[in-house]
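Work through these exercises with the model open beside you. Try each task before you read its solution.

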Amino acid sequence: GLAAQGIEPGVHDLARSLRPDLGARLQTRAYHLKQAMEQLGPDVLRLQAWYCLSAVTLPYGLHDIEAASGADRQAMEEVRCHIDLGVTAEGPSLPGEGSLDATAQRVLAEACGVRISDKIWDEDVQWRLRKALGVDVPLRYWDGPAKGYVLILPTDLVHSSEGGLLKFSEPCRAAGQPSARSTAGKPVGPAEAAGGKTVSEWKALQDEFADQPRLPAGWIRVRSRSSSE
């Protein structure tokens, strides 16, 4: 199917080397990803120009299975025994973690080497992004005992390296950069910020200017921080 077509042949070879005992029974399964997508609702299909970061999980090797015991061994040998497409990252919470939000951020860093700035995780920012895109996609969902997080990343994020991780953050307005007024001037660039907000945040607030004349495609209105015009 489509799931198998999206995976490099070398991944299949590696999976077969980990579980040679399965032979032709080794499968590529999209069950976990499909289950997560169903939780997001039909509006996610409208994000045609966006991408979903999905994880490809390989089966445990025979050496790891033999070293395990009890329920862990059974899960490794009989459940996590195929090539699985799933959510971006998953993992258990650890003692001392203050919340599942902290767990989600840690698991993303460990599994993908990626850190997303706290502001992007903010519930208000995520709701504004959804409003700007015109989609009704939940912020979180429960899959049995597991809590899933659905992050939409703005297209104007900046990236940097921090502690060996790839960090994505909201763009900052340079010191001394003049604020733009809510007039039909030039289109705001993807990494610019004006009036104390990022481009993505202003896009989510365009209904404030509903009484203004229609702008050309790709233009948005912003308010001046100094005059509120």
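**Exercise 1. A helix on a sheet**

Which strands does helix α3 lie across, and at what angle does it run to β3?

Solution. This is a predicted model, so every step reads a computed structure. Find helix α3 at residues 31-40. Helix α3 lies across β1 and β3. Its direction runs at about 15 degrees to β3.

**Exercise 2. The sheet under α3**

Work out the strand order of the sheet that holds β1, β2 and β3, and find its edges.

Solution.
- Step 1. Take β1 (residues 28-29) with β3: they pair in the parallel sense over two bridges. Here threonine 28 stands opposite isoleucine 83 of β3.
- Step 2. Take β2 (residues 55-57) with β3: this pairing is antiparallel, over three bridges. Alanine 55 stands opposite glycine 86 of β3.
- Step 3. Put the strands in order: β1-β3-β2. The sheet is open, and its pairing is mixed.
- Step 4. Name the edges: β1 and β2, each of which pairs on one side only.

**Exercise 3. Two faces of one strand**

Are the two faces of strand β3 covered or exposed?

Solution. Start with a rule. In a regular strand, side chains alternate between the two faces of the sheet. Now sort the residues of β3 (residues 83-86). Ile83 and Leu85 are on one side. Asp84 and Gly86 are on the other. All four are buried, and both faces of β3 are covered.

**Exercise 4. A second sheet**

Describe the sheet that contains β4, β7 and β8.

Solution.
- Step 1. The order is β4-β8-β7, in an open sheet of three strands with mixed pairing.
- Step 2. Look at the edges. β4 (114-116) and β7 (158-162) each have a single partner strand, so one side of each is left without a neighbour in the sheet.
- Step 3. Check the twist. Neighbouring strands here are turned by 30 degrees against each other on average, direction ignored.
- Step 4. Check the first pairing. β4 and β8 (residues 165-169) run parallel and share three bridges. Valine 114 has leucine 166 of β8 as its bridge partner.
- Step 5. Check the other pairing. β7 and β8 are antiparallel and joined by five bridges. Valine 158 has serine 169 of β8 as its bridge partner.
- Step 6. Inspect the turn. The hairpin of β7 and β8 has two residues between the strands, and glycine 163 takes a positive phi near 60 degrees there.

**Exercise 5. Helix α6**

Which strands of the sheet does helix α6 touch, and which of its residues are buried?

Solution.
- Step 1. Helix α6 (residues 100-112) packs on the sheet and touches β4 and β8. Its direction makes about 150 degrees with that of β4.
- Step 2. Test its length. α6 has 13 residues and reaches 18 Å from its first C-alpha to its last, close to the 18 Å expected at 1.5 Å a residue.
- Step 3. List the buried residues: Thr103, Ala104, Arg106, Val107, Leu108 and Ala109.
- Step 4. Recall a rule about helices. An α-helix has 3.6 residues a turn, so residues three or four places apart point the same way.
- Step 5. Find the cover. It includes β4, α7 (118-121), β6 (146-149) and β8.
- Step 6. Step past the helix end. Just after α6, glycine 113 has a positive phi of about 70 degrees.

**Exercise 6. Rings**

How many aromatic pairs does a search of the whole structure find?

Solution.
- Step 1. The search finds one.
- Step 2. Its members are tryptophan 121 and tyrosine 149, with 6.0 Å centre to centre and 70 degrees between the planes. Planes over 60 degrees apart count as edge-to-face, and this pair is edge-to-face.
- Step 3. Place the partners. Tryptophan 121 is in helix α7 and tyrosine 149 in strand β6, 28 residues apart, and the pair links distant parts of the chain.
- Step 4. Classify them, with buried meaning under 20% relative accessible area. Tryptophan 121 has 14%, so it counts as buried. Tyrosine 149 has 21%, so it is partly exposed.
- Step 5. Look at another ring. Arginine 130 lies over the face of tryptophan 127, at 6.0 Å from the ring centre.

How values were computed
Residues are numbered from 1 along each chain as its sequence is written. This is a predicted model: local features need pLDDT of at least 70, side-chain atom pairs count only at pLDDT 80 or more; totals for chains, interfaces and linings use all residues. Side-chain values use heavy atoms; hydrogens and water are left out. Two strands pair if DSSP finds at least two bridges between them. Axes are lines fitted to C-alpha atoms, for helices over the stretch in contact, and angles run from 0 to 180 degrees between N-to-C directions. Contact means heavy atoms within 4.5 Å. The expected span of a helix is 1.5 Å times one less than its number of residues. Buried means under 20% relative accessible area, exposed over 50%, partly exposed in between (1.4 Å probe, protein chains only). Rings of Phe, Tyr and Trp (its six-membered ring) pair if their centres lie within 6.5 Å; planes under 30 degrees apart count as stacked, over 60 as edge-to-face and the rest as tilted. A charge sits over a ring if NZ of Lys or CZ of Arg is within 6 Å of the ring centre and within 35 degrees of the ring normal.
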